[in-house]
Amino acid sequence: MIYFVSIKIIKMKKSLILNGLLMLTFWCNAQNAEPNLKAARKAIEASNEIYADLANKNDGSILSRYTDDACLFPPNTAPVCGSEQIASFFKSGPKVHVKFIIQHLYGDGKTSVTEESFYEMTDLEGKKLDDGKVIVIWKNTKDGWKMYRDMFSSNHPAK
């Protein structure tokens, strides 16, 4: 009987130690991710700030925000993938101002981040045109944070 109790105590100690080490590992990873997410957020906010200005130029400079293998997923249409198609998509669009309000960022902050945002779109005179939501998967490339997948949709019914 004493033998079985001793084995149970040893197993409990091992379990407690293992659980403690796992908790410490998760805590350390969480502490390391926080500065990475803050840095990623700063870069994404800066990119979002100039996004519409780049698109309005109609010179392809908007492509500097996207990876070479990026895809847009606009509402009510097929995906738009690759630099050529993305450039064409923006050339056919109206000139607008867009404000993005980041709600959440998910990811490790090192290699990739998913952005969940709301947007407000106005014409160049400030008249509200639309508002909606955005999900963007960002990749950290040798040239900084770039959009890999960009999905957006209006909060209003299609016209």
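In these legends, Ala, Val, Leu, Ile, Met, Phe, Trp, Tyr, Cys and Pro count as nonpolar, Asp, Glu, Lys and Arg as charged, and the others, Gly among them, as polar. One more thing before we start: this is a predicted model.

**View 1. The whole protein has two helices and six strands.**
Start at the N terminus and follow the chain: the elements come in the order α-β-β-α-β-β-β-β. There are 159 residues in the protein, and 30% of them count as buried. About 10700 Å² of the protein is exposed, with carbon and sulfur atoms supplying 61% of that area. Take the contacts between residues at least 6 apart in sequence: 46% of them join residues at least 24 apart.

**View 2. Six strands make an open sheet with mixed pairing.**
Read across the sheet and you meet the strands in the order S2-S1-S6-S5-S4-S3. Strand S2 (80-81) and S3 are the edge strands, each pairing on one side only. What holds strands together in a sheet? They pair through backbone hydrogen bonds, in either a parallel or an antiparallel sense. Side chains in a regular strand point to the two faces of the sheet in alternation.

**View 3. The S3 and S4 hairpin has four residues between its strands.**
Strand S3 covers residues 97-107 and strand S4 covers 112-122. The two are antiparallel partners, joined over ten bridges. For a pair to look for, find Ile102, which sits opposite Ser117 in S4. Between the strands, Gly109 takes a positive phi near 75°.

**View 4. S4 turns into S5 through a hairpin with five residues between the strands.**
How many bridges pair S4 with S5? Eleven, and the sense is antiparallel. Ser112 has Lys139 in S5 as its bridge partner. In the turn, Gly126 shows a positive phi of about 100°.

**View 5. S5 and S6 run antiparallel.**
Strand S5 is residues 128-141, and strand S6 is residues 144-154. Ten bridges join the two strands. Here Val136 faces Asp150, which belongs to S6.

**View 6. The largest pocket holds about 960 Å³ of space.**
A probe the size of a water molecule, rolled over the atoms, shows where empty space is left. Which residues lie nearest the centre of the largest pocket? Phe89, Tyr119, Met121, Asp130 and Phe152 do, out of 36 lining residues. Both helices take part in the lining: H1 (2-56) and H2 (82-91) each give at least two residues. Strands S3, S4, S5 and S6 each do so too. By class, the lining of the largest pocket is made of 21 nonpolar, ten polar and five charged residues.

**View 7. The second largest pocket has a volume of about 210 Å³.**
H1 and S3 each bring at least two residues to the lining of this pocket. Which element gives the most? S3 does, with six residues. Among the lining residues are Asn48, Glu49, Ala52 and Asp53, and also His97, Val98, Lys99 and Phe100. Sorted by class, the lining of the second largest pocket has five nonpolar, two polar and four charged residues.

**View 8. Glu45 sits in helix H1.**
Look again at the second largest pocket: Glu45 and Ile101 both line it. These two residues are 56 apart along the chain, and their C-alpha atoms are separated by 8.8 Å. Why does Glu45 count as partly exposed? Its relative accessibility is 38%, and partly exposed covers what lies between the under 20% of buried and the over 50% of exposed.

**View 9. The protein has one cavity of 30 Å³ or more.**
The space in the largest cavity comes to about 40 Å³. H1 and H2 are the elements that give two or more residues to its lining. H2 supplies the largest share, three residues. The lining of the largest cavity includes Leu54, Ala55, Asn58, Asp59 and Gly60, together with Ala87, Phe90 and Lys91. Its classes are five nonpolar, three polar and two charged residues.

Terms used
Residues are numbered from 1 along each chain as its sequence is written. This is a predicted model: local features need pLDDT of at least 70, side-chain atom pairs count only at pLDDT 80 or more; totals for chains, interfaces and linings use all residues. Side-chain values use heavy atoms; hydrogens and water are left out. On a 1 Å grid over the protein atoms alone, a cavity is a set of points where a 1.4 Å probe fits but cannot get out, and a pocket is an open set with protein on both sides within 12 Å along at least five of seven lines; lining residues have an atom within 4 Å of a point. Grid points are joined across faces, edges and corners, and a volume is the space filled by probe spheres set on the points. Two strands pair if DSSP finds at least two bridges between them. Buried means under 20% relative accessible area, exposed over 50%, partly exposed in between (1.4 Å probe, protein chains only). Contact means heavy atoms within 4.5 Å. Accessible areas come from the Shrake-Rupley method with a 1.4 Å probe; for residues, only the protein chains shown count as cover.
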